[in-house]
Amino acid sequence: MKKFCLLIFCFATIVLSAVPIIKSGEKISFLGDSITGLGTYHEIGYVNLVIDGLKNAGVTAVRMPAGKGGDKSPMMLARLQRDALAYKPQFMTLSCGVNDVWHSRNNTGVELPEYEKSMREIVTTAKAAGVKVLLLTPTMIYEDPANKFNTKLAAYNAFLKKLAAEEGCIFVDTNRAMQNELIRLKKLYPEIKGNLITIDGVHMNPLGDVVMAKEILRGFGLSESEIESAAAGWENRTFYSGMAKIRYKDFKKLVALANENKTSIADAVDIVLRKALEE
């Protein structure tokens with residue numbers, strides 16, 4: 001019995017003592033589209049939160065931004081060497097696929113066979129250069145998992161899961177994390193109109209960036225307690241709304257205000273501004 005208890009204790013210690021797979025001084029290339037670009041631009045963008053979360057866990061990593069608006073898989077492949085591998089990163093997060101599917105609305109998307117070819121070449125080229133790849137699933141295209149874009153995107157994400165297993169990549173299911181968070185938030189704020197974790201249905205607001213960052217930090221091997229410890233320090237990080245910089249903690253208050261007034265988050269900003277002008 002004592003031996004059994006000791007084994008349980010050891011197992012629990014191993015589970016609770018997660019060790020990051022990255023070391024201080026190592027570089028991370030964040031290769032992606034405009035979601036990644038904005039994830040670098042905003043103080044509370046997911047790229048910056050990943051770097052902060054690692055630092056909070058004792059790892060000082062070097063950020064190498066490589067997000068470019070409008071990029072699809074063939075375009076990302078074409079600039080892989082110049083924008084990512086040339087800087088000799090040890091790790092690369094790869095977020096690609098939203099535009100490949102979303103742009104099919106104007107007949108400029110990338111169909112699955114070509115996407116598979118480009119993504120496989122990006123991964124194998126990065127691996128040949130000694131780079132460890134974290135393969136992110138493309139996030140949702142509008143906040144409705146059943147629409148035609150997300151239905152189509154499911155096959156792209158299924159391919160990425162298969163590719164990650166075949167090539168030994170770290171699979172980071174940001175799409176699933178986003179869907180789960182939407183379910184949670186809709187229960188908490190059932191009266192909100194419009195988008196909850198994106199600005200426009202595609203690009204992240206602070207809530208969406210936090211979801212992405214947490215999932216990537218899990219991919220880097222951080223424990224849940226380390227992730228929540230880091231998240232506690234994100235409250236004063238800012239998001240530029242187009243009119244003003246909004247702290248994360250204040251943005252969360254806007255979400256509650258939108259729910260209370262049965263309106264959108266954008267309209268909640270207007271309510272706050274009107275009240276400020278009246279005072």
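This is a short chat about two helices and three strands in a predicted model.

Colleague: Hi! What should I know before I look?

Modeller: The model is predicted, so local features need pLDDT of at least 70 and side-chain atom pairs count only at pLDDT 80 or more, while totals for chains, interfaces and linings use all residues. Residues are numbered from 1 along each chain as its sequence is written, and side-chain values use heavy atoms, leaving out hydrogens and water.

Colleague: Thanks! At what angle do the axes of α3 and α10 cross?

Modeller: Roughly 45°, and the axes of α3 (residues 46-56) and α10 (residues 206-219) come within 8 Å. That makes α3 oblique to α10 (oblique covers angles that are not under 35 degrees, over 145 or from 65 to 115).

Colleague: Which residues of α3 meet α10?

Modeller: Tyr46, Leu49, Val50, Gly53 and Leu54 in α3 do, with partners in α10 including Val210, Met212 and Ile216; contact means heavy atoms within 4.5 Å.

Colleague: And how do the residues of that contact divide into nonpolar, polar and charged?

Modeller: Nine are nonpolar, one is polar and one is charged. Here Gly counts as polar and Asp as charged.

Colleague: New topic: how many residues of β4 are buried?

Modeller: Four of the five residues in β4 (residues 132-136) are buried, meaning under 20% relative accessible area with a 1.4 Å probe, protein chains only.

Colleague: Which strands pair with β4?

Modeller: β3 (residues 91-95) pairs with β4 in the parallel sense over five bridges, and β5 (residues 170-172) does so over three, also parallel. Pairing takes at least two DSSP bridges.

Colleague: What is the bridge partner of Leu134 in β5?

Modeller: Ile170. On the β3 pairing, Leu136 in β4 is the bridge partner of Ser95.

Methods: Axes fitted to C-alpha atoms, helices over the stretch in contact; angles between N-to-C directions. Helix = DSSP H or I, 4+ residues; strand = E, 2+ residues; numbered from the N terminus. Buried < 20%, exposed > 50% of the residue type's maximum accessible area, 1.4 Å probe, protein only.
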